[in-house]
Amino acid sequence: MKISVSPPPFADAPVVVLIAGLGGSGSYWLPQLAALEQEYQVVCYDQRGTGNNAGEVPHGYTLGNMADELYEALTDAGIPQFAVIGHALGALVGLQLAIEHPGAVRALVCVNGWLSLNAHTRRCFQIRERLLHAGGAQAWVEAQPLFLYPADWMAARAPRMEAEEALALAHFQGINTLQRRLQALKQADFRAQAKHVRCPVQIICSADDLLVPAVCSSELHAALPDSHKTVMRQGGHACNVTDPDTFNALLLNGLASLMHNPEPVFKESR
């Protein structure tokens, strides 16, 4: 597993690990990198089966496999402790890491994550899978922005949407790998395990997320013993991309509280 580790901005800078969603690309976090690298040593990576870690993932691939291979890569890089920032699937990997390696995960930020798959989210993925079977990679890639971005944001950025589609097609992870990673996502269920997450958690979601309803973050917040939830009024599923100024302010303030406050006060806010 190849990972990218930025230079530390100062001696003993805390490490944050960025985990993308189903797309798997570390470049998803580009709008956050400059802000984070001023305060943290940042680890970015393409997930197994995507980008720089391309190759078909095996049958029976699980969320546990995703967490194990990342933890092994971090250990090999000499990183014993870190915070995790995860989006959607990445938030689930972060939860898995926090449960399996409580001494390593100092803090966790879950962006549009969930405890178990919501019925609406499952329906969205069923529709997307039908598109994949009927129209292949082209159909999957063309539909993807509809679930990520608000309509008005997309309409104002038509050339960008076309460029993103071309790039996604050129680097498509393959139908078998996508289906196996998607199956791992759908099977994840933390309802019985959430109480074992002992690190402080920041939960960020968007009220207009078409793919993962904000209620999923409310359920996650209620289940995690030491968590704080903030709801962005708009931004869609990829709120860190569509409104990076608002998101980055929430993220940096939240990380500072989680990692530097000995007695953080967690209150739900909107």
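A residue counts as buried when its relative accessible area is under 20%, and as exposed when that area is over 50%. The exercises below apply this to a predicted model.

**Exercise 1. Describe the overall build of the protein: what share of its residues is buried, and how does its radius of gyration stand against that of a compact globule?**

Solution. Begin with the burial count: of the 270 residues, 53% fall in the buried class. Next take the radius of gyration, which is 17 Å, and set it beside the value near 18 Å that a compact globule with 270 residues would have; the two agree. For the extent along the principal axes, the C-alpha atoms fill a box of roughly 50 × 40 × 35 Å. Finally, the secondary structure comes to 10 helices and 7 strands.

**Exercise 2. Characterise the largest pocket: what is its volume, which residues lie nearest its centre, and which helix gives the most to its lining?**

Solution. Rolling a probe the size of a water molecule over the atoms shows where empty space is left. For the largest pocket, the volume obtained is about 1200 Å³. The lining consists of 46 residues, and those nearest the centre are G23, S25, S27, Y28 and Q144. Sorting the lining by chemical character gives 25 nonpolar, 15 polar and 6 charged residues. Turning to the helices, α1 (30–36), α4 (119–148), α6 (158–170) and α7 (175–187) each supply at least two lining residues, and α4 gives the most, with 8 residues.

**Exercise 3. Classify the aromatic pairs: how many does a search of the whole structure find, and what is the geometry of the pair formed by Y28 and W29?**

Solution. A pair of aromatic rings is described by the distance of the centres and the angle of the planes. The search of the whole structure returns 2 such pairs. In the pair of Y28 and W29, the centres are 5.3 Å apart and the planes stand at 80 degrees, and the arrangement is edge-to-face, since planes over 60 degrees apart are classed in that way. Both Y28 and W29 are buried. For Y149 and W153, the centres lie 4.7 Å apart with the planes at 40 degrees, and the pair is therefore tilted. Y149 is buried, because its relative accessibility is 9%, and W153 is likewise buried at 9%. A further contact involves a ring and a charge: the charged end of R128 sits over the ring of W140, at 4.3 Å from the ring centre.

**Exercise 4. Examine the backbone at A88 and N112: what is the value of phi at each, and is each residue buried or exposed?**

Solution. Most residues other than glycine have a negative phi. A88, which is not a glycine, nevertheless has a positive phi of about 55 degrees, and its place is the loop between β4 (82–87) and α3 (89–100). With a relative accessible area of 5%, A88 is buried. N112 also has a positive phi, near 50 degrees, and lies in the loop between β5 (105–111) and α4. Its relative accessible area is 1%, so N112 is buried.

**Exercise 5. Locate P159: in which helix is it found, and is it buried or exposed?**

Solution. P159 belongs to helix α6. Its relative accessibility is 62%, and P159 therefore counts as exposed. As a last step, compare sequence and space: P159 and N240 are separated by 81 residues in sequence and by 20 Å from C-alpha to C-alpha.

Terms used. Residues are numbered from 1 along each chain as its sequence is written. This is a predicted model: local features need pLDDT of at least 70, side-chain atom pairs count only at pLDDT 80 or more; totals for chains, interfaces and linings use all residues. Side-chain values use heavy atoms; hydrogens and water are left out. On a 1 Å grid over the protein atoms alone, a cavity is a set of points where a 1.4 Å probe fits but cannot get out, and a pocket is an open set with protein on both sides within 12 Å along at least five of seven lines; lining residues have an atom within 4 Å of a point. Grid points are joined across faces, edges and corners, and a volume is the space filled by probe spheres set on the points. Helices (H or I, at least four residues) and strands (E, at least two) are DSSP runs, numbered from the N terminus. Ala, Val, Leu, Ile, Met, Phe, Trp, Tyr, Cys and Pro count as nonpolar, Asp, Glu, Lys and Arg as charged, and the others, Gly among them, as polar. Rings of Phe, Tyr and Trp (its six-membered ring) pair if their centres lie within 6.5 Å; planes under 30 degrees apart count as stacked, over 60 as edge-to-face and the rest as tilted. Buried means under 20% relative accessible area, exposed over 50%, partly exposed in between (1.4 Å probe, protein chains only). A charge sits over a ring if NZ of Lys or CZ of Arg is within 6 Å of the ring centre and within 35 degrees of the ring normal. The radius of gyration is taken over C-alpha atoms; the globule rule is 2.2 Å times the number of residues to the power 0.38.
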